[in-house]
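The following exercises concern a ligand, its surroundings and several local features of a protein chain. Each task is followed by a solution in steps.

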Amino acid sequence: MKNAELNSFATDRELADAVAMAWLDEIGGTVPHCVALSGGRIARTLFSSVAAQPRARQGLLNLAHFFWGDERCVPPDDVESNFRVARELLFAPLDIPEGNIHRIRGGESAEFAVAEAEGELCRIAPLNVDGQPVLDLIFLGLGEDGHVASLFPGEPEAVMSSRAVYRAVTATKPPSRRITLGYATIAAAKQVWVLASGLGKEAALRESLSPVGRTPLAQVLCSRQNTKIFTDVRLT
Ligand code: 6PG
């Protein structure tokens, strides 16, 4: 199996509770803890689980700075906004300081949002020798087609190999206009945790773990020494 640690759970709630506790265990090591959140259904379940944890309610997440793996090109109060979901389920319940939240400005032009998001991330996260910002942790959900963040199958090699920290994409998952971390920045992160949850993910997960897998998740796994996968998918 590719450089991946597979952690299986019976349900999405058990997965989310385990990830919530593991995440809180990670925070406090390096300060600030720079984390990139994902969108999607399992992210909502995770945020709710984290917000219920006593350590979170005692303020541990105030040591974190929040970024995103991807965002939809919509205003922050749009129902499709990944920022809006996190604000509703995580930041508001835990009273996270505004200064720790670095949303991708999806309501602005893609060009402005990409440049601003990269500038903010590079201002706060340490840079590696290649100039890539090093996030402590990136959360990724897994799509039915093997996409992670808003990195979808079928991109030309020249696009996939871009060193850009963030880039604008046209996705097959609506809403189509999105901004996403690139493969190079995901590769540079200290930790990447993939939450593969829900029906219809088995084929994508199986292919991604295959030595010859070509999905976006497979690309991520090949680019890193280690990646943790938390899943409620039955890989029979
Ligand atoms: C997004 C997400 C996307 C999501 C996957 C899985 O903004 O849409 O970042 O990458 O994580 O599509 O979503 P589900 O957990 O809802 O299946």
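**Exercise 1.** Identify the polar backbone atom that lies 3.4 Å from an oxygen atom of the ligand, and then describe further contacts and the burial of the ligand.

*Solution.* The model is predicted, so local features require pLDDT of at least 70 and side-chain atom pairs pLDDT 80 or more, whereas totals for chains, interfaces and linings use all residues. Residues are numbered from 1 along each chain as its sequence is written, and side-chain values use heavy atoms, without hydrogens and water.

Step 1. The backbone atom at 3.4 Å belongs to Ile42. A polar backbone atom of Gly39 is 3.1 Å from a ligand oxygen.

Step 2. Lys201 places a polar side-chain atom 2.6 Å from an oxygen of the ligand.

Step 3. Alone, the ligand would expose 420 Å², of which the protein buries 98% (areas by the Shrake-Rupley method with a 1.4 Å probe).

**Exercise 2.** Determine how many residues surround the ligand and how they divide by type.

*Solution.* Step 1. The shell holds 14 residues (each with a heavy atom within 4 Å of the ligand); Arg41, Asp70, His147, Ala149 and Lys201 are the closest.

Step 2. By type, three are nonpolar, five polar and six charged.

Step 3. At least two shell residues come from each of α2 (41-51) and β4 (70-72) (DSSP runs, with at least four residues for a helix and at least two for a strand).

**Exercise 3.** Find the partner of Trp23 in an edge-to-face aromatic pair, and locate both residues.

*Solution.* Step 1. The whole structure contains eight aromatic pairs (ring centres within 6.5 Å; planes under 30 degrees apart are stacked, over 60 edge-to-face, the rest tilted).

Step 2. The partner is Phe139, at 5.0 Å centre to centre and 75° between the planes.

Step 3. Trp23 belongs to helix α1 (residues 12-26) and Phe139 to strand β5 (residues 137-141), so that the pair links distant parts of the chain, 116 residues apart.

**Exercise 4.** State which peptide bond is cis, and where Pro175 lies.

*Solution.* Step 1. The bond from Pro174 to Pro175 is cis, with omega near -10°.

Step 2. Pro175 is in the loop between β6 (166-170) and β7 (177-181).

Note on methods
Polar contact = N/O pair within 3.5 Å; in protein donor to acceptor, adjacent residues only side chain to side chain. Nonpolar A, V, L, I, M, F, W, Y, C, P; charged D, E, K, R; others polar. Phe/Tyr/Trp six-rings, centres within 6.5 Å; stacked < 30°, edge-to-face > 60°.
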